[in-house]
Amino acid sequence: MIVELVRVSLADKASLREWRNDPAVSKWMYTNHEIGEEEHNAWFEAMLADESRVYWKIVADGIAVGAVFLTDVSNQGSSCEWGMYLADVNARGKGIAQAACALSFRYAFKVLAVDVVKCEAVVENENAIGLYESVGYVRTGLQTDAVKRDNEMLSVVTLELTRDSWNMSEANVLQKLSEKGVNING
Ligand SMILES: CC(C)(COP(=O)(O)OP(=O)(O)OC[C@H]1O[C@@H](n2cnc3c(N)ncnc32)[C@H](O)[C@@H]1OP(=O)(O)O)[C@@H](O)C(=O)NCCC(=O)NCCS
């Protein structure tokens, strides 16, 4: 299987809303209401125009199966936030997410030249935290009841990946991908 990242363009507007509204994705997000067309369009246009945000679709053997993104890319280039989801549940558990991690980290560290990439996950999201740790992310904290979603409070794990940790994990991640039959393009 070949996994590549393709920058999101206007043509992806509808898919992004569909993916983000899928309960298998939205259940792990800090807001999980159904995103209407108007709300999505405003967000999408702002996202495309914002140079501090980089959104890609994750394409596996030619099929777009999810998204990975960098946000808060600072002008000084020292750090950025990072996130991802696979909308197609059939695409999960195959190494596609790990491949998207590798490709997006290369971009962050080599092209944007950031020193550290940060992310967060709801504490119960064991699959996401397991994935993040498998590619070199290290936990930096636990924020109890940090996010209010409807009537519940979500606790959040914060993680970060430094350039040095990625340099140390990259070969190991590429080895795992090769064992899973996943090739990355980029
Ligand atoms: C999080 C998500 C992207 C993971 O995708 P995936 O297809 O399972 O990931 P991959 O198959 O590429 O990689 C999985 C790695 O994580 C590890 N992993 C997965 N679930 C795990 C778990 N519950 N505990 C420990 N490790 C786990 C796997 O063992 C594997 O690592 P390995 O190769 O070292 O064994 C996917 O489940 C998803 O999109 N979830 C919904 C949206 C979401 O939660 N996004 C993140 C919000 S913070």
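**Ligand shell, nonpolar core and helix α6**

Of the 21 residues around the ligand (C-beta atom, placed from the backbone, within 6 Å of it), W28, R92, A97, G130 and S134 come nearest. The model is predicted: local features need pLDDT of at least 70 and side-chain atom pairs count only at pLDDT 80 or more, while totals for chains, interfaces and linings use all residues. Residues are numbered from 1 along each chain as its sequence is written.

Helix α5 (126-134) gives the most to the shell around the ligand, with six residues. Strand β4 (79-86), α4 and α5 each supply at least two; helices (H or I, at least four residues) and strands (E, at least two) are DSSP runs numbered from the N terminus.

The largest nonpolar core has 45 residues. Such a core is a set of buried Ala, Val, Leu, Ile, Met, Phe, Trp, Tyr and Cys residues joined through C-beta atoms within 7 Å, where buried stands for 20 or more other C-beta atoms within 10 Å of the residue's own. I58, A67, L86, I96, A100 and F105 have the most contacts inside this core. Helix α4 (residues 96-111) gives the most to it, with nine residues.

Helix α6 (residues 163-179) has 17 residues and bends by about 40 degrees at S169 (angle between axes fitted to the seven residues ending there and the seven starting there). In α6, W166, S169, V173 and L177 are buried. An α-helix has 3.6 residues a turn, so residues three or four places apart point the same way. The buried residues of α6 pack against α4, β7 (152-162) and β8 (183-185). Just after α6, G181 takes a positive phi of about 75 degrees.

Technical notes
A residue is buried if 20 or more other C-beta atoms lie within 10 Å of its own, exposed if 12 or fewer, and partly exposed in between; C-beta atoms are placed from the backbone. The expected span of a helix is 1.5 Å times one less than its number of residues. Two residues are in contact if their C-beta atoms, placed from the backbone, lie within 7 Å.
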